[in-house]
Amino acid sequence: MRERVYDIVYSVLEDGKKSDERFHDEIEGVDSERIAAIKRLSYGTIEYAVMLGAIIEQYTQKPIQKLDSDVRICLLMAFYEILFADSIPGYATANEIVELAAKKCIKNREKKKSYINANIRTFLRDIENGVDVFEKLNQNERLSMPIDLWNMLNSAYGKKTAAKVAGAFLEKKGEVTLHIDSSRISVSDYITKLESCTNGLSIEKGRYFDEAVIIRGATDIKSLPGYDAGEFYIQDESSMLPVAVSGIRSGNTVVDVCGAPGGKSVHALMRLAGTGFVSVRDVSDDKLARIKENLSRYPYENYECKVFDGRKVDEKWTEKADVVLLDVPCSGVGILRRKPELKFRCMENAKELIPIQREIAAASVKMLKPGGVMIYSTCTINPDENDKNVDYLIESFGLIPESLDEYLPAGLTNSQTKTGRLLVLPGLMEMDGFFVARLRKPG
C-alpha cells in the first residue's frame, strides 16, 4: 500500500501531476478498504506538505528542498502518519517507511535508509515525550499554506478571514453533491430511491439549492441509482451558481465557452428542457471527449460539441447567443480541498492565466446578442482573476452589471450580489470557493 502512496505523492509533488488522475491510476484492482487508506494517506501528505516540511526541517537542520526527492517523500509520508494517522502505531510507520526507502532509494540506498530512520526515530521519540513540534511554526505553516498564497489571502481578506479560509481547505467532509435533474425526477423521489437502494449512505438535502442532494459514504458514484439514466450530475453547489444566475429560459441560445467537463452545459440543458440550443466547446480533443462522455448520459439532443480555442473570435457565432457562460481557466484556489496540489502553483499560474482569461473574455463578448447576458465565473478566490477581470469587461466593452438577487436563494444574497457579483469563501460558506458575475451587453 505504501508503495502506491509513495508513487502518488512523488508524482504530484515532484513531477507536477494531478492528484485525482494519479490516485485513480494507482487504485485499479484494489479493494475498497485499501482504496480508502491510500486516498487518506496520499492526499493527507500532499495537503499537509507545507506544515510537514517545516517540522522536518527542525530535525534535518536544512531546507527540505535541499534533500534528495526520494528522502523528502519518505520523510513527508512518515511524519504525516505519525501526526495524523492514529490507527497506525508509530513504530510500524518507522519500520515500514525504512523498508519503503530500501525499494525507492536507488543511489546511496544504505546511507539514505540510515538517515531516514534516524530522523523518524528522533521525531517519534519527541512526539511520545510530548514535545510541541508545532510551537516554532509560522501561521501559514500551521495551516499548511505556501507563503505566496497566504500573503494573497491576507492582503485580500485580512488575517482572520484568511485563517478561516485556509483552515477550511484542510477540512475533509467526504461529501459528494448530486445535482438532480428535477425535470425528470423530483428530489424527494430521488432521495427515496437512494434510501431504498443503498446501505450506509448519509443523505441530506442541499444547503442552498433545492435540486442538490449531499451524500457521504459512497464508494462508487457510478453504482448509484439513476447514474446511467442521467437523473443526476456530480456538481458542487458553488458550480451551480453560473446557470442559476444566468436567467436561462425556454428557447434561449447558450454558449458554454470553456465547457469541460460539461457540468454547466448539463445544467443549461436542464433549464432549457428540450428547447433552445447549447453550443459547448473547449480547447482540445481530450477535453471534448470528457464533455461528450458526460452529456451522453442525458436525453437532451439540442446541443453541439466542438473543439474551439476560446481566445479566438468565432465569426459564425457573432451576436447569436442569448447567454454566454464564461467559466475561464483559473488558478483554482477555491477548490484546494479537492485538488490540494494546486496550492503549490496557483499564484504563479494566476500570473500566466490572467492575460488568457481576458483574451477569452474579449472574444466571447462578440458572441452576445445586444441585450444578451454574460456570466463570468471562476473556481478561484484571487481578486486579480475575479473582480479585476470583471472591471476590465465593464470598462472595455461597456457591459452592464446586473443584480443577482432575484436568482439566488436568500442565504446567498448580500450587498455585493446587488452589484452583480458573488464571492464564495470556504470557511464562511459551506461550498467550494467560487466567484460569479452577471453582465449584460447594451442594446
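These legends describe close-up views of a predicted model.

**View 1. Helix H5, its length and its surroundings.** Helix H5 covers residues 69–84. At 1.5 Å a residue, its 16 residues should span 22 Å, and the end C-alpha atoms are indeed 22 Å apart. Of these 16 residues, 14 are buried, so H5 is largely enclosed by the rest of the structure.

**View 2. A salt bridge between helices H1 and H2.** Arg4 pairs with Glu26, with 4.0 Å between the closest N and O atoms. Arg4 belongs to helix H1 (residues 2–13) and Glu26 to helix H2 (residues 19–26), so the pair ties together parts that are 22 residues apart in sequence. The two partners are not equally accessible: Arg4 is partly exposed at 28% relative accessible area, whereas Glu26 is buried at 13% because the cut-off for buried is under 20%.

**View 3. A salt bridge within helix H2.** The side chains of Arg22 and Asp25 form a salt bridge, 3.6 Å from N to O. Both residues sit in helix H2, 3 residues apart, or about one turn of the helix. In an α-helix with 3.6 residues a turn, residues three or four places apart point the same way. Arg22 is buried, with a relative accessible area of 14%.

**View 4. A salt bridge between helix H13 and strand E8.** Lys264 and Asp327 meet through their side chains at 3.5 Å, N to O. Lys264 lies in helix H13 (residues 263–272) and Asp327 in strand E8 (residues 321–327), so this pair links distant parts of the chain, 63 residues apart. Both Lys264 and Asp327 are buried.

**View 5. A salt-bridge network.** Glu175, Glu204, Arg207, Arg216 and Glu430 are joined into one network by salt bridges that share partners. The model's salt bridges number 32.

How values were computed:
Residues numbered from 1 in each chain as written. Predicted model: local features only at pLDDT ≥ 70, side-chain atom pairs only at ≥ 80, totals over all residues. Heavy atoms only, no water. Helix = DSSP H or I, 4+ residues; strand = E, 2+ residues; numbered from the N terminus. Expected span 1.5 Å × (residues − 1). Buried < 20%, exposed > 50% of the residue type's maximum accessible area, 1.4 Å probe, protein only.
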